[in-house]
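Here are my notes for you, written as numbered points. Keep the structure open beside you and look up each part as you reach it.

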Amino acid sequence: MPLDAKTSNDKKAFKSVGTSPIRPDGIDKVTGRARFGADMSAPGMLVGRILRSPHAHAKIKSIDTSKAEALPGVKAVITSADLPKYKDADEDILINIMARDRALYDGHTVAAVAAIDAAVAKKALKLIKVDYEIMPHVTDVDLAMLPNAPLVHPGRYDGMAENEHLALALQEQGKAKSKRKSTNIVSRYDFGHGDVKKGFKQADVIVEHEFTTEATHQGYIEPHACLANVSSDGSGELWVCTQGHFMVRDVCAALLGMDVSSLRVTPSEIGGGFGGKTTVFIEPVALALSRKAGRPVKVVMSREEVFRATGPTASSSIKVRLGAKKDGRFVAAEAVLKYQGGAFPGSPVEMGAMTAFACYDLANVKIVGYDVVTNRPKQAAYRAPGAPMSAFAVEGCVGELAEKLGMDPIELRKKNAAVEGTKSSYGPTFGPIGLVETLDAAKKHKNYKAKLGKNQGRGVASGFWFNFGGNTCVNINLNVDGTLALAVGTPDIGGSRASMCLMAAEELGIPYDDVRAIVADTSSLGYNDVTDGSRVTFASGLATINAARDCAAKLCKRAAQIWDIPADAVKWENGAAHPAGANAGDFPPLSIKELAGQAHSTGGPIAGHYEVNADGAGPSFATHVVDVEVDPETGATKVLRYLVVQDAGKAVHRAYVEGQFQGGAVQGIGWVLNEEYIYGEDGRLQNAGFLDYRIPVCSDVPMIDTVIVEVPNPGHPYGVRGVGETSIVPPLAAVANAVSAAIGVRATTLPMSPPRILEALKSKSA
Amino acid sequence: MSNIHVTTTINGDETEYVCRPDESLLDVLRDRLGMSGTKEGCGTGDCGACSVTLDGRLVCSCLVMGAEVDGHKVETIEGMADGEDLHPLQQKFLEHAALQCGICTPGFLVAAQSLLERNLDPTETEVRYWLAGNLCRCTGYDKIVRAVLDTAKDMRKVAKKSSAKKTAKKGARHAA
Amino acid sequence: MPEQRLLTVKLGGSLVSRAGGRTEFKLEGRNIMEMLRHLGRDCPELEPMLGNAVSVAVDGQIYRDALLHPLNPDNEIILLPRMAGG
Ligand code: FES
Ligand code: FES
């Protein structure tokens, strides 16, 4: 849907959009009334608990549940025997939520119980006897690619085109060809254009480094939770915290062999997701337990379970080579990316590969990505999946190039920046984009001019994310008093209801407070894709605008009937129907309240709808600038100043746009400085808790300064671009560049924890 | 294990319940008393989502036993607003958009209230260290800290006015 | 009859190694669905990927599940892996 004229011509044309009113669900959230995943209960409810593998890789020889079943108070015990055995696309999900013949990672579900209370359930878990045969395991991405690595899925990739990947990978690494057929490399991705060999020949300076990043968890504060209730006729209800209740419904129905229509999923308030709640874990298990027990079952994960069995993103190992002329013009760029995504295919390496050089206009670029399986939990999407790691590597090299050439890092980026018409490194040609605008705004900001002291350094990095649209469906019902009930199908994860209300109010010319938005359950609204890909303000927004226009058209028609004039002789303006045109006649306008009040006696209720598979989401670029101070005694890094500049297309609710910028930046700060999944020799996760997996706390960070750049997206009536994900793309690189500048050594390994920094300082002085 | 009978005061109301000896105050609040405003993010004292005050002291309710509070006073998020009237902190959190998902919000509000009861003029650093036991993954803390500082500023003004009034009244009485 | 002009379809990502290194195809098709059908016929190795495992970039705009989107020979058409966000 194209940009409206008013957006491009006159920024002041908006009344509601661009303000920051209080969200409609606000009071409930500050008073404790809002109900999240674990806050629901049902009469006769049982407590569900899950038994997890303590081994990284083990054959499950047998499971004896008889003692647990015999324990008084236990109402159901399930294993994979209670679930169907599919052999299709759903099989990986099914095996991930309940192991079959092998446990594939520490924390993998092997059985579950439902009991009258938590104490009995806990006891029952202890009575389940699992006979394991421990198998060799691998958790490191580089080790997993070696020809002699233990295989995560022996035989699964025999005879597939992917078998070539190992050979190719080894060739590229200069190692001997393997005779082995099967491998842990499950996909290879190629992107790029031009001739990098030729390009590097023209280079005056070449920078080359190998980088590694560790797996990090989305770290949402609300653990996964759901309440399942399957009745004896096979129909079921599920209350759940998820980023996509329609996805939960469809996947659970498929996994459990239910009709989609017989499962109704109601989304609770959601306590953070960041991509980690775009799939299912406990939901099918809770439904299966409830079906077997014939009672409602609530399952709430512990924090330890969240760390061991959900989420994290991929860890990576990345090699980058970048060549430039003396004047700073890039002539060739090359990267090899290896991402492990846990025990199943699907690491976000292809997106890492596509975004790696997306900020730059390159004549010669080549990117190869490998998706690798290991004995770790199946990775889940994490905010701009795959992109922060490759940006860390590429922007690190860009930073070093700026140093070597003695150029200002922002000027160097500007010189090579992608603009409208640039053929992107992943193929398509860019439309209107705002990278240069973010660079200019960053350079102008006072933070970029602040004086740096001893042991301090400044880092700059840019980042890119695609943004998506997708299937969306919205209803607007006009109430008898002229207020509106707006039903969207995308869970509100950061204030999106407020943005939807703003857009509906804008369209209909009514006060923001007259619109109330809810997130409707799966039986009340058509299908909506998951809240992901920064799509909600764009796609649900676009659908809301059109549903409001549909509503306005119907209001005009009703006014026309009342006035007895043709419908096209009525226009909607400032919250009222007006006669328009020469022969429309002279009638006083009919306000939305007047029309609503007589709707029931003039032809029936009035409602607007819109259903769409939204495309036209515009990419969003960002530039971050950060100053840090590194303590040479302890190796600890303190973030002194942080600036996020990002293109929002059009900021609908300014405060929540800033909030997305700030939240993403701080998650990135955690990733680069502290956070990591630590595995022992035994393949077990050693830091499955917030004490040892340390996310940034309030005293770790400064205020996060923001600048909202607005280069309108031509694919949205108001010019909106998604903003949720880009903000986590640059921080890893920006902070790493700042640390490198402060200590005088290129930092290439994440996290840059104090011991690592001390080591780097030592190697420098040696 | 037999249950323990407990009599306590929660948000000013005398409350009785029974609980197991190994049950946390958090579980009692949420599962036995239906007060689900207090949240569980970890159950191990690391996230602060379960913050309540016990006799005016800020605690993680997941680390306090349900049986321990017998004869004591507990304040939770549900007791923060005065009927329809939000506490100034609640209002400022809304105005500053200091919540995104909102799961951490009850804990932050209870913790911030406990700070302002002790110190109505905290520096940014004091706010940051006081709130360091509360995790928020959405906001990057910026707007939370601003909301707390802004509330403190407003509350200082109100306190000044009312103390000025008091002195004025006192003065008036003296004069009379 | 004038010769029908064909679509130029480029491949990216894992599709390249699947297609045995081929990166460009000349295909018929009035929309994405028809184009994919012809591509599957031309290159059977790609067939299993062409269901919902791909996105299609048309003139810089990425389409997922938009089989009826019209195509013409002047479009820049690039087949990419299906992408998802967080
Ligand atoms: S739930 Fe008590 S501190 Fe996290
Ligand atoms: S607002 Fe989501 S954790 Fe704080």
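1. Let's begin where chain A meets chain B. On the chain A side 51 residues take part in the contact, and on the chain B side 44 residues do. Keep in mind throughout that this is a predicted model. As a whole it scores ipTM 0.95 and pTM 0.95.

2. How much area is buried between chain A and chain B? The figure is about 3900 Å², and carbon and sulfur atoms give 61% of that. Three residues are worth finding on your screen: V30(A), C698(A) and M703(A). Together they supply 20% of the area that chain A buries against chain B, which is more than any other three residues do.

3. Now for the charged pairs and polar pairs. Between chain A and chain B there are 4 salt bridges. One of them joins K39(B) to D39(A), so don't be thrown by the shared number: the letter in brackets tells you the chain. The closest N and O atoms of K39(B) and D39(A) are 2.4 Å apart. The interface of chain A and chain B also has 18 residue pairs in polar contact, counting pairs with both residues at pLDDT 80 or more.

4. Which helices of chain A each bring at least two residues to the side that touches chain B? They are helix 2 (26-31) and helix 19 (654-673). Helix 19 of chain A gives the largest share of that side, with 9 residues. Sorted by class, the side of chain A that touches chain B holds 28 nonpolar, 16 polar and 7 charged residues.

5. Next, turn to chain C. Here 24 residues of chain C are in contact with 36 residues of chain A. Chain C and chain A bury about 2000 Å² between them, with 55% coming from carbon and sulfur atoms. If you go hunting for salt bridges across the interface of chain C and chain A, the count is 0. Polar contacts do turn up there, in 5 residue pairs with both residues at pLDDT 80 or more.

6. What does chain C use to touch chain A? Helix 1 (14-18), strand 4 (61-63) and strand 5 (77-81) of chain C each supply at least two residues of that side. The largest share, 4 residues, comes from helix 1 of chain C. By class, the side of chain C that touches chain A splits into 10 nonpolar, 8 polar and 6 charged residues.

7. A word on confidence in chain C. Its mean pLDDT is 88, and 97% of its residues reach 70 or more. Among the elements of chain C, strand 1 (residues 7-11) has the highest mean, 95, while helix 1 has the lowest, 83. Recall that helix 1 of chain C also gives the largest share of the side that touches chain A. As a general habit, where pLDDT is low, don't read the predicted coordinates in detail.

8. How do the chains pair up overall? There are 2 pairs of chains that touch, and chains A and B make the most contacts among them. Chain B and chain C do not touch, and 14 Å separates their nearest C-alpha atoms.

9. Have a look inside chain B as well. It is divided into domain 1 (1-79) and domain 2 (80-171), and the centres of the two, taken over C-alpha atoms, are 23 Å apart. Where these domains meet, 16 residues of domain 1 of chain B are in contact with 15 residues of domain 2 of chain B. The two domains bury about 1100 Å² between them, 60% of it on carbon and sulfur atoms.

10. Staying with those two domains of chain B, the interface between them has 0 salt bridges. It does have 5 residue pairs in polar contact, with both residues at pLDDT 80 or more. On the domain 1 side, strand 3 (51-54) and strand 4 (57-60) of chain B each supply at least two residues. Strand 3 of chain B gives the most, with 3 residues. By class, that side of domain 1 has 5 nonpolar, 7 polar and 4 charged residues.

11. Last, two spots in the backbone of chain A to check by eye. The peptide bond from L750(A) to P751(A) is cis, with omega near -10°. You'll find P751(A) in the loop between helix 20 (731-743) and helix 21 (754-765) of chain A. The other spot is N455(A), a residue other than glycine with a positive phi, near 60°. N455(A) is in the loop between helix 15 (435-444) and strand 16 (456-465) of chain A. Why point these out? Because most residues other than glycine have a negative phi, and most peptide bonds are trans.

Conventions:
Residues numbered from 1 in each chain as written. Chains lettered and ligands numbered in written order. Predicted model: local features only at pLDDT ≥ 70, side-chain atom pairs only at ≥ 80, totals over all residues. Heavy atoms only, no water. Contact = heavy atoms within 4.5 Å. Buried area = accessible area lost by both parts, 1.4 Å probe. Salt bridge = Lys/Arg side-chain N within 4 Å of Asp/Glu carboxyl O. Polar contact = N/O pair within 3.5 Å; in protein donor to acceptor, adjacent residues only side chain to side chain. Nonpolar A, V, L, I, M, F, W, Y, C, P; charged D, E, K, R; others polar. Domains from an automatic or database assignment. pLDDT = per-residue confidence, 0-100.
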